[in-house]
Amino acid sequence: MHLHFIESGPALLVEQDRRVLVVADLHMGIESGLERHGVHIASRSAVRIARVVACIEEMKPDLLLLLGDVKHNVPVTSRQEYRELPGTLATLRERVPLAVVPGNHDGGIGRFLEPGELLPPGGAVIDGIGYLHGHTRPDPELFGRLIILGHHHPVVSLVDAVGCAARARPAYLYSGLDAGCEVETPPGGNRTRLLFIPAFNEFAGGIDVGRLSESGLGPLSRCIERETAEVFLADGTYVGSPATLCSADGG
């Protein structure tokens, strides 16, 4: 298995027998959600999807896997989403087969998808790798594998020598399961590994990797082995572990 980190996404190409391009947390329609809170931003959906298309054209995957929160607004679907999602998804499936693992923002997403594109909310195994949005407990079939998950929007805050924090940057967090985490024991005792991947949407915000295990965002965030976990930037650069990195507020 080979993992290719795509900084321009951020996105991830998982290469084994198949080439799977993984894009998490598109949050299409986020602009209308921000507008309801008094933040007025013109839709950037076309620019965002152009970035996905650029990743497809660069990496030439066999499958595009949208790892949850394709849409933004909950519990309803906004007018912006009704207007933009059909064309957005058509643009993607014209270039590559498409699959969606639904997230907590994806209520009603099935009406925009073709038969066979919507995967179970508990995740799916593709080419021996587990894929999960991350807001719910995984299907037992995912344990004993590498599980790639979104939902948590991990970022890392790099701090200089005098303690001035740079802007938080999208990050990947790789970890085994903490020994105290109660999960199903897979047949054969194969080790479960977790890879939390960053949000594709530039407005989605994030949680510092040092605080991810305390966030309570999903069942597997509580299973991070903090002392041995590894943190990577969007381009795959290794920067340390959550135990040694400082968060932006000095925690």
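Helices and strands here are DSSP runs, numbered from the N terminus. With that in hand, let's work through some exercises on this predicted model.

**Exercise 1: Overall build**

Find out how many helices and strands the protein has, and judge its compactness from the radius of gyration.

*Solution.* Start with the inventory: there are 3 helices and 14 strands. Next, take the radius of gyration, which is 18 Å, close to the 18 Å that the globule rule gives for 251 residues, so the protein is as compact as a globular protein of that length. The C-alpha trace spans about 50 × 45 × 35 Å along its principal axes. Then look at burial: 51% of the 251 residues are buried. Finally, turn to contacts between residues at least 6 apart in sequence, where 67% join residues at least 24 apart.

**Exercise 2: The nonpolar core**

Identify which residues of the largest nonpolar core touch the most other members, and which element gives the most to this core.

*Solution.* The core has 26 residues, and those touching the most other members are Leu21, Val23, Val52, Leu64, Leu66 and Leu92. At least two core residues come from each of strands S2 (11-15), S3 (19-23), S4 (63-66) and S5 (98-100), and from each of helices H2 (45-59) and H3 (79-93). H2 gives the most, with 6 residues. Now zoom in on Val52: leaving aside neighbours within four places in sequence, Val52 is in contact with Leu26, Leu64, Leu92 and Phe200. As background, nonpolar side chains tend to be buried together in soluble globular proteins.

**Exercise 3: The loop between S4 and H3**

Work out what is unusual about the backbone at Asp69 and at the bond from Val74 to Pro75, then decide whether Thr77 is buried or exposed.

*Solution.* First, recall the usual case: most residues other than glycine have a negative phi, and most peptide bonds are trans. Asp69, which lies in the loop between S4 and H3, has a positive phi of about 50 degrees although it is not a glycine. Its relative accessible area is 2%, so with the buried cut-off at under 20%, Asp69 is buried. Pro75 sits in the loop between S4 and H3 as well, and the peptide bond leading to Pro75 from Val74 is cis, with omega near 0 degrees. Thr77 is also placed in that loop. At a relative accessible area of 14%, Thr77 is buried. Beyond residues up to four places away in sequence, Thr77 touches Lys71, Tyr82, Gly107, Arg111 and Phe112.

**Exercise 4: Two more backbone cases**

Locate Pro10 and Asp127, and describe the backbone geometry at each.

*Solution.* Pro10 belongs to the loop between strand S1 (2-6) and S2. A cis peptide bond joins Gly9 and Pro10, with omega about 0 degrees. Asp127 is in the loop between strand S6 (124-126) and strand S7 (129-132). Although not a glycine, Asp127 has a positive phi of about 55 degrees. Asp127 is partly exposed, with a relative accessible area of 21%.

**Exercise 5: Charges around Glu202**

Determine where Glu202 lies and which residues it contacts beyond its neighbours within four places in sequence.

*Solution.* Begin with the whole protein, which has 22 positive and 31 negative side chains, the centres of the two sets lying 4 Å apart. Glu202 is found in the loop between S11 (193-196) and strand S12 (207-208). At 33% relative accessibility, Glu202 counts as partly exposed. Leaving aside those sequence neighbours, Glu202 is in contact with Arg44, Arg48 and Arg51. Glu202 and Arg44 are 158 residues apart in sequence, yet 9.6 Å apart in space, C-alpha to C-alpha.

How values were computed
Residues numbered from 1 in each chain as written. Predicted model: local features only at pLDDT ≥ 70, side-chain atom pairs only at ≥ 80, totals over all residues. Heavy atoms only, no water. Rg over C-alpha atoms; globule rule 2.2 N^0.38 Å. Buried < 20%, exposed > 50% of the residue type's maximum accessible area, 1.4 Å probe, protein only. Contact = heavy atoms within 4.5 Å. Lys, Arg positive; Asp, Glu negative; His and termini not counted. Charge placed at Lys NZ, Arg CZ, Asp CG, Glu CD. Core = buried A, V, L, I, M, F, W, Y, C linked by side-chain atoms within 4.5 Å.
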